[in-house]
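Visitor: I would like a close look at a single part of this protein, with its surroundings brought in step by step. Please take me through it with care.

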Amino acid sequence: MSKFLKLTGLILLTVFFNTTSFSKENFFNEALELFKKEKYEDARFLFERNIVFNPKDANSYLYLAKIYNQEENQRKEEYNLETTLLIEPDNEEALLMLMKIAIEKSNYEKVKDLSDKFVKICKNLCDENKDNQESIKNIEPENNESWIKSKQNLNNRFWFSIYSINCKK
């Protein structure tokens, strides 16, 4: 009788884990199909549900970032890309997407760091980095002396106006 209970318990346990792992994969695959059909709200729900069952699934975070990109929610897009890279530091697509955000923000240092990482891990999307390198040239400080001068000029005007206000008192 004891052997029968152990065998039954083992079978139930195996079935339970197989069902759970199947459902995890099923959420991601379903979400991916919805994403391809551009049903972003439904896909987002299933990707988030997949993360509940599998919090270390970098692809779910990556696709959430893509959905937020479509919805033009840069803050959430960036958060999900950062999470993707925490789980999978060599994810080329996430690095490229983060570089594009940093380029939009004219954040030269971040683009440079991400680009250096990208060059080290690049296997499939190497050509994509060439476009980013061109964009970097447009935001490098040494190529934007007029931008730096305008920032200094603005800073000087700010302090002059503060000084003028204080002198009038």
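Guide: A suitable place to begin is glutamine 70, which lies in helix H3, the helix made of residues 58-70. The model is a predicted one, and what follows is computed from it. The side of the chain at glutamine 70 is neither fully hidden nor fully open: with a relative accessible area of 47%, glutamine 70 counts as partly exposed, because the exposed class begins only over 50%.

From glutamine 70 one can step to tyrosine 40, which is 30 residues away in sequence, while the two C-alpha atoms are 8.4 Å apart in space. Tyrosine 40 belongs to helix H2 (residues 40-53), whose 14 residues should span 20 Å at 1.5 Å a residue, and the end C-alpha atoms of H2 are indeed 20 Å apart, so the expectation and the model agree. Within H2, the buried residues are Tyr40, Ala43, Arg44, Leu46, Phe47, Asn50 and Ile51. An α-helix has 3.6 residues a turn, so residues three or four places apart point the same way.

Returning to H3, its partner to consider next is helix H5 (residues 92-104): the two axes are 10 Å apart and the helices pack at an angle of about 30°, which means that H3 runs roughly parallel to H5. The crossing of these two helices is left-handed. Leu62, Ala65 and Lys66 are the residues that H3 brings to the contact, and they meet Glu93, Ala94 and Met97 of H5; by class, this contact holds four nonpolar and two charged residues, with no polar ones.

H5 in turn leads on to helix H6 (residues 108-121), the axes of H5 and H6 coming within 9 Å and crossing at roughly 160°, so that H5 is roughly antiparallel to H6. This crossing, too, is left-handed. On the H5 side the contact is made by Glu92, Leu95, Leu96, Leu98, Met99, Ala102 and Ile103, which meet Lys110, Val111, Leu114, Ser115, Lys117, Phe118 and Ile121 on the H6 side, and the residues of this contact divide into ten nonpolar, one polar and three charged.

Set against the whole protein, these helices belong to a secondary structure of eight helices and zero strands. Of the 169 residues, 32% count as buried, and among contacts with a separation of 6 or more, 46% come from residues 24 or more positions apart.

Conventions:
Residues numbered from 1 in each chain as written. Predicted model: local features only at pLDDT ≥ 70, side-chain atom pairs only at ≥ 80, totals over all residues. Heavy atoms only, no water. Helix = DSSP H or I, 4+ residues; strand = E, 2+ residues; numbered from the N terminus. Expected span 1.5 Å × (residues − 1). Buried < 20%, exposed > 50% of the residue type's maximum accessible area, 1.4 Å probe, protein only. Axes fitted to C-alpha atoms, helices over the stretch in contact; angles between N-to-C directions. Parallel < 35°, antiparallel > 145°, perpendicular 65-115°, else oblique. Left-handed = near helix turned anticlockwise from the far one by under 90°. Contact = heavy atoms within 4.5 Å. Nonpolar A, V, L, I, M, F, W, Y, C, P; charged D, E, K, R; others polar.
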